[in-house]
Amino acid sequence: MKDLRACRKCGKITTELKCPDPDCGGDTTLDWDGYIYIINPNDSTLAKNIGKNKEGEYAIKTR
Ligand SMILES: [Zn+2]
């Protein structure tokens with residue numbers, strides 16, 4: 001299994017060194033905590049609480 005990384009800017013989970021989100025493009029880190037999968041961001045209180053508005057896998061916290 002590959003090491004998963006998380007974007008420092010938006011928290012997106014990826015195996016790349018740069019965020020795959022074209023609107024973001026931030027650096028990623030191996031140092032992250034908490035996993036969330038957002039299926040319907042417009043319908044999700046949790047997604048709003050952590051400021052996500054896109055579907056996908058995200059880390060709650062990056063360092
Ligand atoms: Zn990002």
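Strands here are DSSP runs of E with at least two residues, and helices are runs of H or I with at least four, both numbered from the N terminus. I am working with a predicted model, in which local features need pLDDT of at least 70, side-chain atom pairs count only at pLDDT 80 or more, and totals for chains, interfaces and linings use all residues. My residue numbers start from 1 along each chain as its sequence is written, and side-chain values use heavy atoms, with hydrogens and water left out.

**Entry: Y35.** I found Y35 in strand β4, residues 32–38. Y35 is partly exposed at 46% relative accessible area (buried is under 20%, exposed over 50%, partly exposed in between; 1.4 Å probe, protein chains only).

**Entry: salt bridges.** I looked for a side-chain nitrogen of Lys or Arg within 4 Å of a carboxyl oxygen of Asp or Glu. The structure holds five such salt bridges.

**Entry: K54.** Which residues are linked with K54 in a network of salt bridges? They are D21 and D23. For K54 and D21, the closest N and O atoms are 3.0 Å apart. This pair is 33 residues apart, with K54 in the loop between α1 (45–49) and β5 (56–62) and D21 in the loop between β2 (13–14) and β3 (28–29). K54 to D23 is 2.7 Å, N to O, and those two are 31 residues apart. I also checked exposure: D21 is buried at 11%, K54 partly exposed at 28% and D23 exposed at 63%.

**Entry: D31.** I noted a salt bridge from D31 to R63, with 2.5 Å between the closest N and O atoms. D31 sits in the loop between β3 and β4, and R63 in the segment after β5.
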